[in-house]
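Please open the model in your viewer and keep the sequence beside it, since this tour moves from one selection to the next.

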Amino acid sequence: MGRMSRRAFALTALSTLVTAPGTAAMGADPGLGEAAGGAGPGPGEAGGGGGPAPATPAGGAAVPDGATAPGPDRPSRAATEMRGVWIATVANRDWPSRPGLTAAEQRKELIAHLDRAVRHRLNTVILQVRPTADALWPSPHEPWSEYLTGTQGKNPGWDPLGTAVTEAHARGLALHAWFNPYRIANHAEPTRLSAGHPARTHPDWVVPYGGRLYYNPGLPEVRAFVQRALLDAVARYPVDAVHFDDYFYPYPVAGQTFDDDDAYDRHGGAFPNRAAWRRDNIDTLVRETAAGVARVRPGTLFGVSPFGVWRNATTDARGSDTRAGVETYDDLYADTRTWVRKHWIDYLVPQLYWHIGNAAADYAALVAWWAEVAKGTKTHLYVGEALYRAGAAGQPSAWQDPVELSRHLTLAAGYPQVRGHVFFAAKDLAADPAGAMARVVADHYRGPAKPPR
(Lines give C-alpha, C1' and ligand atoms only; values in the text may rest on other atoms or scores of the structure.)
Protein backbone atom coordinates (compact mmCIF):
# COMPACT_ATOMS: atom_id res chain seq x y z
CA MET A 1 0.00 0.00 0.00
CA GLY A 2 2.51 3.68 0.67
CA ARG A 3 3.88 5.09 0.07
CA MET A 4 2.37 16.62 0.24
CA SER A 5 2.91 9.71 -0.50
CA ARG A 6 0.57 12.42 -2.60
CA ARG A 7 -0.80 16.29 -1.85
CA ALA A 8 0.95 19.38 -2.16
CA PHE A 9 3.22 16.72 -3.61
CA ALA A 10 6.40 17.57 -1.78
CA LEU A 11 9.58 15.65 -2.43
CA THR A 12 11.42 16.53 0.72
CA ALA A 13 10.26 14.92 3.93
CA LEU A 14 11.32 11.41 3.02
CA SER A 15 14.62 12.35 1.47
CA THR A 16 16.23 9.21 2.82
CA LEU A 17 13.40 6.90 1.90
CA VAL A 18 15.62 4.74 -0.27
CA THR A 19 19.28 5.32 -0.97
CA ALA A 20 21.28 3.70 -3.72
CA PRO A 21 25.07 3.74 -3.58
CA GLY A 22 26.45 6.67 -5.46
CA THR A 23 23.11 8.40 -5.94
CA ALA A 24 21.20 11.07 -4.10
CA ALA A 25 18.01 9.86 -2.48
CA MET A 26 14.82 11.41 -3.75
CA GLY A 27 12.04 11.64 -1.20
CA ALA A 28 8.55 11.36 -2.33
CA ASP A 29 5.87 10.60 -0.38
CA PRO A 30 2.02 8.84 0.21
CA GLY A 31 0.99 7.04 2.07
CA LEU A 32 -1.96 4.52 0.49
CA GLY A 33 1.94 8.10 1.41
CA GLU A 34 2.29 11.52 2.54
CA ALA A 35 5.70 12.50 3.14
CA ALA A 36 5.54 16.20 3.16
CA GLY A 37 1.91 16.63 3.71
CA GLY A 38 0.57 13.24 3.17
CA ALA A 39 -1.71 11.96 0.61
CA GLY A 40 -1.69 8.36 0.84
CA PRO A 41 -0.18 5.51 -0.96
CA GLY A 42 2.93 6.91 -2.34
CA PRO A 43 6.48 6.22 -1.19
CA GLY A 44 9.62 7.60 -2.66
CA GLU A 45 11.78 6.93 -5.65
CA ALA A 46 14.61 4.59 -4.96
CA GLY A 47 17.66 6.69 -4.96
CA GLY A 48 16.91 8.27 -8.28
CA GLY A 49 19.24 6.04 -10.22
CA GLY A 50 19.16 2.39 -10.92
CA GLY A 51 20.78 0.41 -13.64
CA PRO A 52 19.28 -0.33 -17.02
CA ALA A 53 16.19 -2.49 -17.11
CA PRO A 54 16.86 -6.13 -17.94
CA ALA A 55 16.50 -7.25 -21.50
CA THR A 56 12.87 -7.93 -22.30
CA PRO A 57 11.17 -10.51 -24.49
CA ALA A 58 8.58 -9.54 -27.05
CA GLY A 59 5.91 -9.51 -24.34
CA GLY A 60 7.48 -6.48 -22.69
CA ALA A 61 9.20 -7.40 -19.40
CA ALA A 62 11.82 -9.91 -18.43
CA VAL A 63 10.50 -12.99 -16.66
CA PRO A 64 12.63 -13.55 -13.53
CA ASP A 65 13.69 -16.92 -12.21
CA GLY A 66 10.81 -18.62 -10.43
CA ALA A 67 8.11 -16.85 -12.38
CA THR A 68 5.83 -18.40 -14.96
CA ALA A 69 5.89 -16.83 -18.39
CA PRO A 70 2.46 -15.87 -19.68
CA GLY A 71 1.45 -17.70 -22.80
CA PRO A 72 -1.18 -19.85 -24.47
CA ASP A 73 -0.53 -22.66 -21.99
CA ARG A 74 -1.24 -20.34 -19.06
CA PRO A 75 -4.87 -19.12 -19.08
CA SER A 76 -5.49 -15.45 -18.37
CA ARG A 77 -6.72 -14.52 -14.90
CA ALA A 78 -8.32 -11.37 -16.27
CA ALA A 79 -11.82 -12.61 -15.48
CA THR A 80 -11.04 -12.04 -11.78
CA GLU A 81 -8.27 -9.58 -11.04
CA MET A 82 -7.92 -6.39 -9.06
CA ARG A 83 -7.87 -3.30 -11.26
CA GLY A 84 -8.00 -0.40 -8.84
CA VAL A 85 -7.29 3.29 -8.50
CA TRP A 86 -6.78 5.38 -5.38
CA ILE A 87 -8.70 8.64 -5.01
CA ALA A 88 -6.82 10.76 -2.46
CA THR A 89 -8.68 13.57 -0.72
CA VAL A 90 -5.96 14.79 1.66
CA ALA A 91 -4.87 18.29 0.67
CA ASN A 92 -7.28 17.93 -2.28
CA ARG A 93 -4.72 15.76 -4.04
CA ASP A 94 -7.21 14.09 -6.40
CA TRP A 95 -10.68 15.14 -5.27
CA PRO A 96 -12.33 17.55 -4.72
CA SER A 97 -10.09 19.60 -6.98
CA ARG A 98 -10.20 22.39 -4.40
CA PRO A 99 -12.09 23.07 -1.16
CA GLY A 100 -15.23 25.15 -1.25
CA LEU A 101 -16.86 23.80 -4.40
CA THR A 102 -20.62 23.51 -4.26
CA ALA A 103 -22.14 20.14 -3.48
CA ALA A 104 -23.18 19.81 -7.12
CA GLU A 105 -19.65 20.58 -8.33
CA GLN A 106 -18.10 18.12 -5.91
CA ARG A 107 -20.53 15.43 -6.95
CA LYS A 108 -19.88 16.08 -10.65
CA GLU A 109 -16.13 15.71 -10.15
CA LEU A 110 -16.56 12.51 -8.15
CA ILE A 111 -18.81 10.99 -10.81
CA ALA A 112 -16.22 11.91 -13.45
CA HIS A 113 -13.58 9.90 -11.55
CA LEU A 114 -15.92 6.90 -11.36
CA ASP A 115 -16.82 7.12 -15.04
CA ARG A 116 -13.14 7.39 -15.97
CA ALA A 117 -12.38 4.25 -13.98
CA VAL A 118 -15.06 2.41 -15.95
CA ARG A 119 -13.71 3.68 -19.28
CA HIS A 120 -10.26 2.34 -18.35
CA ARG A 121 -11.85 -1.04 -17.53
CA LEU A 122 -10.98 -0.77 -13.85
CA ASN A 123 -13.22 -2.44 -11.30
CA THR A 124 -12.36 -0.85 -7.95
CA VAL A 125 -11.97 2.65 -6.52
CA ILE A 126 -10.27 3.21 -3.18
CA LEU A 127 -11.66 6.49 -1.84
CA GLN A 128 -9.93 8.27 1.04
CA VAL A 129 -12.76 9.03 3.47
CA ARG A 130 -10.84 9.77 6.68
CA PRO A 131 -7.70 11.64 5.60
CA THR A 132 -6.89 13.55 8.80
CA ALA A 133 -9.02 12.40 11.76
CA ASP A 134 -12.05 13.81 9.97
CA ALA A 135 -14.85 12.42 7.83
CA LEU A 136 -16.40 12.47 4.38
CA TRP A 137 -19.69 11.25 5.81
CA PRO A 138 -21.89 12.57 8.65
CA SER A 139 -19.88 10.98 11.44
CA PRO A 140 -21.03 11.35 15.06
CA HIS A 141 -17.40 10.97 16.17
CA GLU A 142 -15.34 13.32 14.00
CA PRO A 143 -15.81 16.61 12.11
CA TRP A 144 -16.52 17.02 8.44
CA SER A 145 -13.27 17.22 6.46
CA GLU A 146 -11.88 20.63 5.65
CA TYR A 147 -11.02 19.36 2.17
CA LEU A 148 -14.70 19.59 1.27
CA THR A 149 -15.62 23.12 2.31
CA GLY A 150 -12.35 24.68 3.41
CA THR A 151 -13.55 24.73 7.02
CA GLN A 152 -13.22 21.67 9.22
CA GLY A 153 -16.57 20.73 10.71
CA LYS A 154 -18.68 22.58 8.14
CA ASN A 155 -21.47 20.48 6.61
CA PRO A 156 -20.93 20.25 2.84
CA GLY A 157 -24.63 19.79 2.19
CA TRP A 158 -24.41 16.24 0.90
CA ASP A 159 -23.06 12.80 1.82
CA PRO A 160 -19.91 12.11 -0.25
CA LEU A 161 -19.26 8.57 0.99
CA GLY A 162 -22.90 7.52 0.69
CA THR A 163 -23.04 8.94 -2.83
CA ALA A 164 -19.73 7.31 -3.78
CA VAL A 165 -20.92 3.87 -2.68
CA THR A 166 -24.23 4.17 -4.54
CA GLU A 167 -22.75 5.57 -7.73
CA ALA A 168 -19.78 3.17 -7.78
CA HIS A 169 -22.04 0.16 -7.37
CA ALA A 170 -24.37 1.46 -10.08
CA ARG A 171 -21.38 1.36 -12.43
CA GLY A 172 -20.23 -2.11 -11.40
CA LEU A 173 -17.32 -0.73 -9.37
CA ALA A 174 -16.29 -1.95 -5.93
CA LEU A 175 -15.83 0.85 -3.38
CA HIS A 176 -13.09 0.47 -0.78
CA ALA A 177 -13.24 3.06 2.02
CA TRP A 178 -9.72 4.28 2.79
CA PHE A 179 -8.94 5.42 6.34
CA ASN A 180 -5.75 6.89 7.75
CA PRO A 181 -5.67 5.63 11.36
CA TYR A 182 -3.52 8.08 13.32
CA ARG A 183 -2.87 11.29 11.36
CA ILE A 184 -4.71 14.24 12.94
CA ALA A 185 -3.41 17.21 10.96
CA ASN A 186 -0.70 18.26 8.53
CA HIS A 187 0.14 21.11 10.91
CA ALA A 188 1.10 21.26 14.58
CA GLU A 189 -1.50 23.70 15.95
CA PRO A 190 -4.31 22.05 17.96
CA THR A 191 -6.21 25.35 18.07
CA ARG A 192 -6.66 25.16 14.30
CA LEU A 193 -8.78 22.03 14.74
CA SER A 194 -12.53 22.48 14.86
CA ALA A 195 -14.19 23.14 18.20
CA GLY A 196 -15.05 19.87 19.88
CA HIS A 197 -12.52 17.89 17.83
CA PRO A 198 -11.59 14.74 19.80
CA ALA A 199 -7.92 15.77 19.67
CA ARG A 200 -8.83 18.99 21.51
CA THR A 201 -11.06 17.18 23.96
CA HIS A 202 -8.31 14.62 24.65
CA PRO A 203 -5.00 16.49 24.30
CA ASP A 204 -3.30 13.60 26.09
CA TRP A 205 -3.99 11.45 23.00
CA VAL A 206 -1.92 13.74 20.76
CA VAL A 207 1.78 13.64 19.83
CA PRO A 208 3.27 16.53 17.80
CA TYR A 209 5.96 15.23 15.47
CA GLY A 210 7.63 16.54 12.33
CA GLY A 211 5.39 19.60 12.17
CA ARG A 212 2.22 17.50 12.32
CA LEU A 213 -0.18 16.07 14.87
CA TYR A 214 -0.75 12.35 15.42
CA TYR A 215 -2.83 10.20 17.72
CA ASN A 216 -0.63 8.08 19.96
CA PRO A 217 -0.85 4.43 18.80
CA GLY A 218 0.36 3.28 22.23
CA LEU A 219 -2.87 4.27 24.01
CA PRO A 220 -5.63 1.62 24.11
CA GLU A 221 -8.24 4.37 24.28
CA VAL A 222 -6.92 5.84 21.01
CA ARG A 223 -7.05 2.46 19.32
CA ALA A 224 -10.64 1.97 20.49
CA PHE A 225 -11.63 5.43 19.26
CA VAL A 226 -10.06 4.95 15.81
CA GLN A 227 -11.99 1.73 15.38
CA ARG A 228 -15.24 3.28 16.63
CA ALA A 229 -14.87 6.12 14.11
CA LEU A 230 -14.22 3.94 11.09
CA LEU A 231 -16.73 1.23 12.00
CA ASP A 232 -19.44 3.89 11.99
CA ALA A 233 -18.90 4.21 8.24
CA VAL A 234 -18.89 0.42 7.80
CA ALA A 235 -22.19 0.17 9.67
CA ARG A 236 -23.83 2.93 7.61
CA TYR A 237 -22.73 1.99 4.11
CA PRO A 238 -22.25 -1.26 2.16
CA VAL A 239 -18.59 -0.58 1.41
CA ASP A 240 -16.80 -3.49 -0.19
CA ALA A 241 -13.66 -3.10 1.92
CA VAL A 242 -11.91 -1.09 4.61
CA HIS A 243 -8.49 0.09 3.49
CA PHE A 244 -5.48 1.40 5.47
CA ASP A 245 -2.53 3.15 3.86
CA ASP A 246 1.13 3.11 4.97
CA TYR A 247 0.91 5.50 7.91
CA PHE A 248 1.07 3.73 11.24
CA TYR A 249 3.80 5.22 13.38
CA PRO A 250 4.95 8.20 11.30
CA TYR A 251 7.85 8.10 8.89
CA PRO A 252 11.08 9.04 10.69
CA VAL A 253 12.08 12.70 10.75
CA ALA A 254 15.80 13.30 11.29
CA GLY A 255 16.66 14.74 14.67
CA GLN A 256 13.17 14.31 16.14
CA THR A 257 11.72 11.83 18.61
CA PHE A 258 8.15 10.57 18.71
CA ASP A 259 7.36 11.23 22.37
CA ASP A 260 5.42 8.25 23.68
CA ASP A 261 7.37 7.90 26.94
CA ASP A 262 4.32 8.09 29.22
CA ALA A 263 2.37 5.53 27.21
CA TYR A 264 5.37 3.19 27.14
CA ASP A 265 5.82 3.53 30.89
CA ARG A 266 2.18 2.64 31.44
CA HIS A 267 1.68 -0.08 28.86
CA GLY A 268 5.05 -1.38 27.72
CA GLY A 269 6.19 -3.37 30.73
CA ALA A 270 5.61 -6.80 29.17
CA PHE A 271 7.83 -6.12 26.16
CA PRO A 272 11.60 -6.45 25.78
CA ASN A 273 11.95 -2.99 24.24
CA ARG A 274 9.98 -0.05 22.89
CA ALA A 275 10.14 -1.28 19.28
CA ALA A 276 8.49 -4.59 20.17
CA TRP A 277 5.79 -2.74 22.10
CA ARG A 278 5.13 -0.38 19.19
CA ARG A 279 4.85 -3.28 16.75
CA ASP A 280 2.39 -5.00 19.08
CA ASN A 281 0.30 -1.81 19.19
CA ILE A 282 0.00 -1.86 15.40
CA ASP A 283 -0.54 -5.62 15.26
CA THR A 284 -3.37 -5.22 17.75
CA LEU A 285 -4.97 -2.42 15.72
CA VAL A 286 -4.88 -4.62 12.61
CA ARG A 287 -6.31 -7.70 14.31
CA GLU A 288 -9.03 -5.76 16.14
CA THR A 289 -10.02 -3.80 13.03
CA ALA A 290 -10.33 -7.01 11.02
CA ALA A 291 -12.54 -8.52 13.71
CA GLY A 292 -14.63 -5.35 13.98
CA VAL A 293 -15.23 -5.11 10.23
CA ALA A 294 -16.26 -8.79 10.10
CA ARG A 295 -18.61 -8.28 13.04
CA VAL A 296 -20.27 -5.08 11.82
CA ARG A 297 -20.65 -6.04 8.16
CA PRO A 298 -19.80 -9.69 7.42
CA GLY A 299 -18.26 -10.18 3.99
CA THR A 300 -16.59 -6.77 3.91
CA LEU A 301 -12.86 -7.09 3.20
CA PHE A 302 -9.98 -5.47 5.06
CA GLY A 303 -6.76 -4.55 3.26
CA VAL A 304 -3.57 -2.55 3.78
CA SER A 305 -1.25 -0.73 1.37
CA PRO A 306 2.16 -0.46 3.05
CA PHE A 307 5.45 1.01 1.92
CA GLY A 308 6.97 -1.62 -0.36
CA VAL A 309 9.94 -2.76 1.72
CA TRP A 310 9.32 -4.85 4.85
CA ARG A 311 13.03 -5.22 5.70
CA ASN A 312 16.23 -5.26 3.69
CA ALA A 313 18.04 -8.60 3.48
CA THR A 314 21.05 -6.92 5.06
CA THR A 315 18.89 -6.32 8.14
CA ASP A 316 17.05 -9.65 8.12
CA ALA A 317 17.82 -12.69 5.98
CA ARG A 318 14.09 -13.01 5.32
CA GLY A 319 14.00 -9.53 3.80
CA SER A 320 14.17 -8.34 0.20
CA ASP A 321 17.26 -7.67 -1.88
CA THR A 322 16.92 -3.92 -1.45
CA ARG A 323 18.74 -1.02 0.17
CA ALA A 324 15.81 0.99 1.48
CA GLY A 325 16.38 3.84 3.90
CA VAL A 326 12.98 3.04 5.46
CA GLU A 327 11.86 -0.43 6.51
CA THR A 328 8.27 -0.82 7.65
CA TYR A 329 9.13 -3.32 10.38
CA ASP A 330 11.74 -1.09 12.01
CA ASP A 331 10.63 2.45 11.20
CA LEU A 332 6.82 2.37 10.97
CA TYR A 333 6.52 -0.61 13.36
CA ALA A 334 4.28 -2.39 10.84
CA ASP A 335 5.09 -6.10 10.54
CA THR A 336 3.41 -6.41 7.17
CA ARG A 337 4.97 -9.78 6.38
CA THR A 338 3.35 -11.34 9.45
CA TRP A 339 -0.04 -9.86 8.56
CA VAL A 340 0.09 -11.68 5.24
CA ARG A 341 1.51 -14.95 6.54
CA LYS A 342 -1.04 -15.16 9.37
CA HIS A 343 -3.95 -13.92 7.23
CA TRP A 344 -4.83 -11.11 9.58
CA ILE A 345 -5.86 -9.11 6.52
CA ASP A 346 -7.75 -10.07 3.37
CA TYR A 347 -5.39 -8.34 0.97
CA LEU A 348 -2.10 -6.44 0.83
CA VAL A 349 -1.12 -3.81 -1.75
CA PRO A 350 2.59 -3.05 -1.26
CA GLN A 351 3.51 0.27 -2.83
CA LEU A 352 6.13 -0.85 -5.36
CA TYR A 353 6.72 2.59 -6.81
CA TRP A 354 10.08 1.89 -8.43
CA HIS A 355 11.05 0.98 -11.96
CA ILE A 356 12.34 -2.34 -13.20
CA GLY A 357 16.08 -2.41 -12.64
CA ASN A 358 16.21 0.29 -9.97
CA ALA A 359 19.52 -0.16 -8.18
CA ALA A 360 18.22 0.27 -4.65
CA ALA A 361 14.70 -1.16 -4.93
CA ASP A 362 14.11 -3.13 -8.12
CA TYR A 363 10.44 -3.57 -8.96
CA ALA A 364 11.16 -7.04 -10.32
CA ALA A 365 12.94 -8.16 -7.15
CA LEU A 366 10.18 -6.84 -4.91
CA VAL A 367 7.37 -8.46 -6.88
CA ALA A 368 9.22 -11.77 -6.59
CA TRP A 369 9.77 -11.27 -2.85
CA TRP A 370 6.15 -10.39 -2.07
CA ALA A 371 4.89 -13.25 -4.24
CA GLU A 372 6.97 -15.64 -2.14
CA VAL A 373 5.59 -14.11 1.07
CA ALA A 374 2.02 -14.57 -0.16
CA LYS A 375 2.57 -18.09 -1.47
CA GLY A 376 0.42 -20.61 0.37
CA THR A 377 -1.53 -17.97 2.30
CA LYS A 378 -5.14 -16.85 2.03
CA THR A 379 -4.13 -13.20 1.79
CA HIS A 380 -4.57 -11.76 -1.69
CA LEU A 381 -1.59 -9.87 -3.11
CA TYR A 382 -2.08 -6.86 -5.36
CA VAL A 383 0.68 -4.49 -6.48
CA GLY A 384 0.57 -0.73 -5.93
CA GLU A 385 1.74 1.04 -9.10
CA ALA A 386 3.27 4.52 -9.41
CA LEU A 387 1.15 5.90 -12.22
CA TYR A 388 1.99 9.37 -10.88
CA ARG A 389 5.64 8.89 -11.89
CA ALA A 390 4.93 8.01 -15.53
CA GLY A 391 5.93 10.95 -17.71
CA ALA A 392 6.39 13.25 -14.71
CA ALA A 393 9.09 15.90 -14.78
CA GLY A 394 12.16 15.00 -12.76
CA GLN A 395 11.55 11.26 -12.79
CA PRO A 396 14.27 8.87 -14.02
CA SER A 397 14.40 8.03 -17.70
CA ALA A 398 12.65 4.69 -17.14
CA TRP A 399 9.50 6.58 -16.16
CA GLN A 400 9.61 8.66 -19.34
CA ASP A 401 9.08 5.48 -21.33
CA PRO A 402 5.30 4.99 -21.76
CA VAL A 403 5.82 1.22 -21.79
CA GLU A 404 7.40 0.98 -18.31
CA LEU A 405 4.10 0.57 -16.47
CA SER A 406 2.84 -2.02 -18.95
CA ARG A 407 6.07 -3.96 -18.44
CA HIS A 408 5.26 -4.09 -14.74
CA LEU A 409 1.99 -5.88 -15.41
CA THR A 410 3.64 -8.25 -17.88
CA LEU A 411 6.29 -9.15 -15.33
CA ALA A 412 3.84 -9.55 -12.44
CA ALA A 413 1.63 -11.82 -14.55
CA GLY A 414 4.36 -14.43 -14.21
CA TYR A 415 3.52 -14.82 -10.52
CA PRO A 416 0.21 -16.54 -9.74
CA GLN A 417 0.20 -14.93 -6.29
CA VAL A 418 -0.21 -11.46 -7.86
CA ARG A 419 -3.93 -11.03 -8.38
CA GLY A 420 -3.96 -7.51 -9.78
CA HIS A 421 -2.80 -3.91 -9.47
CA VAL A 422 -3.87 -0.58 -7.97
CA PHE A 423 -2.74 2.71 -9.51
CA PHE A 424 -1.80 5.89 -7.70
CA ALA A 425 -3.79 7.94 -8.38
CA ALA A 426 -7.00 9.33 -9.87
CA LYS A 427 -5.64 12.70 -10.99
CA ASP A 428 -2.88 10.93 -12.88
CA LEU A 429 -5.37 8.55 -14.45
CA ALA A 430 -7.09 11.62 -15.87
CA ALA A 431 -3.93 13.35 -17.10
CA ASP A 432 -1.84 10.36 -18.26
CA PRO A 433 0.82 12.67 -19.75
CA ALA A 434 2.97 9.88 -21.20
CA GLY A 435 0.11 7.66 -22.27
CA ALA A 436 1.33 5.00 -19.83
CA MET A 437 -2.13 4.11 -18.57
CA ALA A 438 -3.52 4.01 -22.08
CA ARG A 439 -0.80 1.51 -22.90
CA VAL A 440 -1.71 -0.60 -19.84
CA VAL A 441 -5.33 -0.71 -20.93
CA ALA A 442 -4.43 -1.62 -24.51
CA ASP A 443 -1.97 -4.31 -23.46
CA HIS A 444 -3.68 -5.83 -20.43
CA TYR A 445 -7.27 -4.64 -19.95
CA ARG A 446 -8.89 -5.52 -23.27
CA GLY A 447 -11.96 -6.96 -21.58
CA PRO A 448 -13.78 -6.52 -18.27
CA ALA A 449 -12.75 -8.23 -15.03
CA LYS A 450 -14.27 -8.65 -11.61
CA PRO A 451 -12.16 -8.05 -8.48
CA PRO A 452 -11.16 -11.19 -6.57
CA ARG A 453 -13.14 -12.02 -3.44
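In which loop is Asn92 found? Select Asn92 in this predicted model, and you will find that residue in the loop between β1 and α1. Asn92 has a phi near 55 degrees, a positive value in a residue other than glycine. Most residues other than glycine have a negative phi, and most peptide bonds are trans. Asn92 is also buried, with a relative accessible area of 12%.

Stay in that loop and select Trp95 together with Pro96, which are joined by a cis peptide bond with an omega of about -20 degrees. Pro96 belongs to the loop between β1 (82-87) and α1.

Next, select residues 160-170, which make up helix α3. Eight of the 11 residues of this helix are buried, so α3 is largely enclosed by the rest of the structure. To see which ones they are, colour Pro160, Leu161, Gly162, Thr163, Ala164, Val165, Glu167 and Ala168, the buried residues of α3. Now show what covers them, which includes helices α1 (103-119), α2 (146-149) and α5 (220-236), as well as strands β2 (124-130) and β3 (174-179). After α3 comes Gly172, whose phi is positive, near 80 degrees.

The aromatic rings come next, and the structure holds 24 aromatic pairs. Select Trp205 and Phe225, a tilted pair with 5.5 Å from centre to centre and 45 degrees between the planes. This pair links distant parts of the chain, because Trp205 is in the loop between α4 (198-201) and β5 (206-209) while Phe225 is in helix α5, 20 residues apart. Both Trp205 and Phe225 are buried.

Then move to Tyr388 and Phe424, whose ring centres are 5.7 Å apart and whose planes meet at 85 degrees, so this pair is edge-to-face. Tyr388 lies in the loop between β10 (380-385) and α11 (404-412), and Phe424 in the loop between β11 and α12, so the pair ties together parts that are 36 residues apart in sequence. Tyr388 is buried at a relative accessible area of 6%, and Phe424 is buried at 0%. If you add Trp86 and Tyr353 to the selection, you have one aromatic cluster made of Trp86, Tyr353, Tyr388 and Phe424.

From Phe424, step along the chain to Ala425, because the peptide bond from Phe424 to Ala425 is cis, with omega near 0 degrees. Ala425 is found in the loop between β11 (418-423) and α12 (426-431). Going on to the loop between α12 and α13 (436-444), select Asp432. Although Asp432 is not a glycine, its phi is positive, about 40 degrees, and at 14% relative accessibility it counts as buried.

Two selections show a charged side chain with an aromatic ring. The charged end of Arg183 sits over the ring of Tyr247, 5.4 Å from the ring centre, and Arg287 lies over the face of Trp344, at 4.9 Å from the ring centre.

Finally, colour the model by pLDDT and ask how far the picture can be trusted in each part. The mean pLDDT of the protein chain is 87, and 83% of its residues reach 70 or more. Over residues 1-40, however, pLDDT stays under 50, and the model has 229 contacts beyond four places in sequence for them. Residues 42-76 likewise have pLDDT under 50, with 105 contacts beyond four places in sequence.

Note on methods:
Residues numbered from 1 in each chain as written. Heavy atoms only, no water. pLDDT = per-residue confidence, 0-100. Contact = heavy atoms within 4.5 Å. Buried < 20%, exposed > 50% of the residue type's maximum accessible area, 1.4 Å probe, protein only. Helix = DSSP H or I, 4+ residues; strand = E, 2+ residues; numbered from the N terminus. Phe/Tyr/Trp six-rings, centres within 6.5 Å; stacked < 30°, edge-to-face > 60°. Lys NZ or Arg CZ within 6 Å of the ring centre and 35° of its normal.
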